Amino acid sequence: CLAAVALALGLGLGFGLDRSASQDLRTAGDEGNDVSDPLGTLSTSTDNPGGDRVGNLGSGGSFGSSSDPQEEQEYEEEASVPTTSPVATTQKAPTAAPSVLAPTILTDTLASLLPEGQSEQLQQLLSDPNSPHYAALQELLNDESLDLNDPSSSPLNLLRIQQKFALAALWHSSPNYWADNDDWMSDKDLCEWNGIACGASFASSIDSTPPPDDLALPEVDPPVTQQGVRRRRTRTLVAEDDPLYPHTILQIDLHGMAMSGALPEQVLPMLPALQSLVLYGNALEGPLPSDLYTLVKLKHLELDNNMFTGVISEDIQNLVNLESFYISENNFSGEIPSEMGACTKLTNLWLHDNSFQGTVPSTFGKLVNLEKLYLNGNDVTGSLPKEM
């Protein structure tokens, strides 16, 4: 302040401050603005440090407003008050990284949630700017509601971190915007995002209305065009005693959302309680992620009417709670794995319109709850095994 006043006095002696300019300075002082800060750039607010000045800097490079731009310019020349240096004291700290420690701690925490082999792969993906995992990490770093420096500070905080990471990676794995994505990546609770259901709010039934014409199945005998055949035993799960249960994601239903791209690896294991994954009627491609088969609580897996490729892993035997498995109208190939016979709770098995080869496994005789099996539109040969 003393330097600014001395500089102003020096300019006044050198060039002569006229009476009107002196009056302007006195007026500014009467209004509560220090001579060293005629435009109010140093004023702060406890509610909003810096006010709107940071935004104004980006739009025009000036701070505050003046009814007379010419007067403001003369004012700055006469007083020679620096207006750029105070900005650092009023700018809001960047939110991308709340702490220098946060990215490292968060990366290590996420990796620790996976088995050793997968954790190393995840570490690499988190450092790859081109991966959806890296983009998901940035989403977490921008979320001020999470305690990132101590992710395990509470079980709920850790749950929210791993679930948001999974959903954000899923979101960023699709190169195009989805058909209905208003809630995604918003400040809403994850359980309020479109297509997400948590805890006691999860009902294991979905809308049984027929799909639009472009999702209709091919004519077969008997016809399956009424995908109301997706009927299930409707029930609402009762909340468990675990206090985290109401916040735990149990269902992802993003059917017909115009999703594209491949499902990312090292993401789905972040949702170990998932019971229903419904992605039919999109443009998803590539092989199924190998860690999909770690979701042992899955009851409904609906991936039909996409462009998936590859084979069905023998690890399908891990999904012992599976009741509905819809993978029809894709580009799966290879033989139908005999390990599928371990999924004894299956009631609906849609494998039609793929490129499966070989014969129907004899282990299908163990599928005692099976009500509907569709195999048409494949290269399967032979007859049904006598065990069926």
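Where is the place of N306? In this predicted model, N306 sits in the loop that links strand 6 (300–302) to strand 7 (307–310). Despite that loop setting, N306 counts as buried, because its relative accessibility comes to just 6%, under the 20% cut-off. Its side chain is busy with backbone atoms: it reaches the backbone oxygen of L303 at 3.0 Å, and one of its polar atoms lies 3.3 Å from the backbone nitrogen of A283. Leaving aside residues up to four places away in sequence, N306 touches a run of residues from L279 through Y280, G281, N282 and A283 to L284, and also E329 and N330.

Strand 7, which follows that loop, belongs to an open sheet of six strands with parallel pairing, ordered 3-5-7-9-11-13. Strand 3 (260–262) and strand 13 (379–380) take the edges; each has a single partner strand, so one side of each goes without a neighbour in the sheet. At the strand 13 end, strand 11 (residues 355–358) runs parallel to strand 13 and is joined to it by two bridges. Here G358 stands opposite V380.

Elsewhere in the chain, there is a helix pair to look at. Helix 7 (residues 116–126) and helix 8 (residues 132–141) have axes that come within 7 Å and cross at roughly 75 degrees, which means that helix 7 is roughly perpendicular to helix 8. From helix 7, L122, L125 and L126 meet H133, Y134 and L137 of helix 8. Sorted by type, the residues of this contact come out as five nonpolar and one polar, with no charged residue.

Terms used. Residues numbered from 1 in each chain as written. Predicted model: local features only at pLDDT ≥ 70, side-chain atom pairs only at ≥ 80, totals over all residues. Heavy atoms only, no water. Helix = DSSP H or I, 4+ residues; strand = E, 2+ residues; numbered from the N terminus. Buried < 20%, exposed > 50% of the residue type's maximum accessible area, 1.4 Å probe, protein only. Polar contact = N/O pair within 3.5 Å; in protein donor to acceptor, adjacent residues only side chain to side chain. Contact = heavy atoms within 4.5 Å. Pairing = 2+ DSSP bridges. Axes fitted to C-alpha atoms, helices over the stretch in contact; angles between N-to-C directions. Parallel < 35°, antiparallel > 145°, perpendicular 65-115°, else oblique. Nonpolar A, V, L, I, M, F, W, Y, C, P; charged D, E, K, R; others polar.
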